[in-house]
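Got the viewer open? Let's take a short walk through this one, stop by stop.

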Amino acid sequence: MSTNRVAAVEANLDTELENARAAPQRLAPEAPLRPGSRLTARAAVELFEDQVLSRALDVAARELKRTNRSFYTIASAGHEDDAVLGALLRLDDPCFLHYRSGALMMARSRKAPEVTPAFDTLLSLCASAEDPISGGRHKVWGSRRLWVPPQTSTIASHLPKAVGMAFALGRARRLDHDTGLADDSIVCCSCGDASMNHATALAGLNAARYLKKGGVPCPILFVCEDNGIGISVDTPRRWIEDTYEHAPHLRYFKAEGEIDEVGDVAAEAIEVCRASRAPVLLHLKCVRLWGHAGSDVETTYHDLAEIEAVEARDPLLRNARRLVATGAAEPATLRAIVAARASRRASR
Ligand SMILES: Cc1ncc(C[n+]2csc(CCOP(=O)(O)OP(=O)(O)O)c2C)c(N)n1
Ligand SMILES: [Mg+2]
């Protein structure tokens, strides 16, 4: 049994796609993945590409670290279903992002073809002074063009800032101040499940709900990327659900399951936030692959069976299965997407 979990996870996807059989009928590119879903076959394949790109950057981060060219190895692996948000949100919906929101970032970048998200991420990983958003200060997600203000590694510190911006959107309109954003823009703010317990996160959530209660617009979409763990400490089961499902002055949506189901719930959460100008929490279930970071020895708190059970829930694996089963893509198409990323890695 492999102890190199990166190789094990990559092998799982390769095996899945080697053994997959094409569906008897192909879906037309604009056909929904299932009747009534908003996710089309074409969009689902694009999401898969974005997710594979995000995963490739995670692997590159570890390769760069191993060869002493980089410092940062916290991955987005396992969180890639957040790509639906990157596809659904508009470029004039500012995003304050969790450090694992890489697939969201890749999907969002499609809307501005002049942006080079993979290259920019690599510069950031290497703490290059040419990193366009942090100048080598720290590896962060950020882009002026994409309206993604760079954050820090201080967990939850971005929630109050994001709430401040959501509040300011309404104020700017009243003061006739041109923000460059649309009247119906919303702010997206993603964070981890453990971070949701931080006093700073609670301050942000509280402020948003307080504004809603007072009738003040605060169009913020909180996204909890819930992988069930913070470093080595499990979040109690259903903690986020139990705490927020019925919290007053906050609409709660839970996204889990197949990629089309996740996409549909995310779309509804965005629409409700945009129309109501009020806070919404999207609870996105995910898994964390490869430990907290490259330096984290996960076997000190999870045995191999537990690690493999999580790896079996890899969203790339599940999405590949879904795309093939629905006829959205043939296995060969997905194999080519994966191979293109792998060969780029090898040629560096
Ligand atoms: C204010 C602050 N306290 C502690 C840390 C150390 N720290 C980094 S990540 C993390 C856990 C975060 O867990 P979660 O929010 O669930 O995100 P995940 O890594 O699981 O995606 C902690 C405690 C930090 N970066 N900032
Ligand atoms: Mg977590």
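**Stop one: ligand 1**

Select ligand 1 and Tyr99 together: an N or O atom in the Tyr99 side chain sits 2.7 Å from an oxygen atom of the ligand. Keep in mind as you go that this is a predicted model.

Now add Arg100. One of its polar side-chain atoms is 2.8 Å from an oxygen atom of ligand 1. For a contact from the backbone, pick Ile155, where a polar backbone atom lies 3.2 Å from a nitrogen atom of the ligand. How much of ligand 1 does the protein bury? On its own the ligand exposes 590 Å², and 74% of that is buried by the protein.

Next, widen the selection to the whole shell. You should pick up 17 residues around ligand 1, with His98, Tyr99, Arg100, Ser153 and Ser195 the closest. Try colouring the shell by residue type: ten of its residues are polar, five nonpolar and two charged.

**Stop two: the magnesium ion**

Jump to ligand 2, the magnesium ion. Which residues coordinate it? Show Asp193 (OD), Asn227 (OD1) and Ile229 (O), which do so at 2.0 to 2.1 Å. Read along the chain, these donors are spaced D-x33-N-x1-I.

Switch to cartoon to see where two of them come from. Asp193 is in the loop that runs between strand E2 (187–192) and helix H7 (199–213), while Asn227 is in the loop between strand E3 (220–226) and strand E4 (229–230), so the pair ties together parts 34 residues apart in sequence.

Are these two side chains' residues buried or exposed? Asp193 counts as buried, at 1% relative accessibility. Asn227 is buried too, with a relative accessible area of 14%.

**Stop three: the cysteines**

Finally, select the cysteines and look for disulfides: the structure has zero. Why is Cys191 not bonded to Cys224? The sulfur of Cys224 is the closest cysteine sulfur to that of Cys191, but at 5.5 Å it is too far for a bond, given that a disulfide needs the two sulfur atoms within 2.5 Å.

Do the same for Cys273, which is in no disulfide either; its nearest cysteine sulfur belongs to Cys218 and is 8.2 Å away. Turn on a surface before you leave. Cys191 is buried, with 2% relative accessible area, and Cys273 is buried as well, at 0%.

How values were computed. Residues are numbered from 1 along each chain as its sequence is written. Chains are lettered from A and ligands numbered from 1 in the order in which they are written. This is a predicted model: local features need pLDDT of at least 70, side-chain atom pairs count only at pLDDT 80 or more; totals for chains, interfaces and linings use all residues. Side-chain values use heavy atoms; hydrogens and water are left out. Buried means under 20% relative accessible area, exposed over 50%, partly exposed in between (1.4 Å probe, protein chains only). Donors are N, O and S atoms within 2.8 Å of the metal (3.2 Å for Na, K and Ca); water is not among the atoms, so sites may look incomplete. Helices (H or I, at least four residues) and strands (E, at least two) are DSSP runs, numbered from the N terminus. A residue is near a molecule or strand if one of its heavy atoms lies within 4 Å of it. A polar contact is a pair of N or O atoms within 3.5 Å; within protein, one must be able to donate a hydrogen and the other to accept it, and residues adjacent in sequence count only if both atoms are side-chain atoms. Accessible areas come from the Shrake-Rupley method with a 1.4 Å probe; for residues, only the protein chains shown count as cover. Ala, Val, Leu, Ile, Met, Phe, Trp, Tyr, Cys and Pro count as nonpolar, Asp, Glu, Lys and Arg as charged, and the others, Gly among them, as polar.
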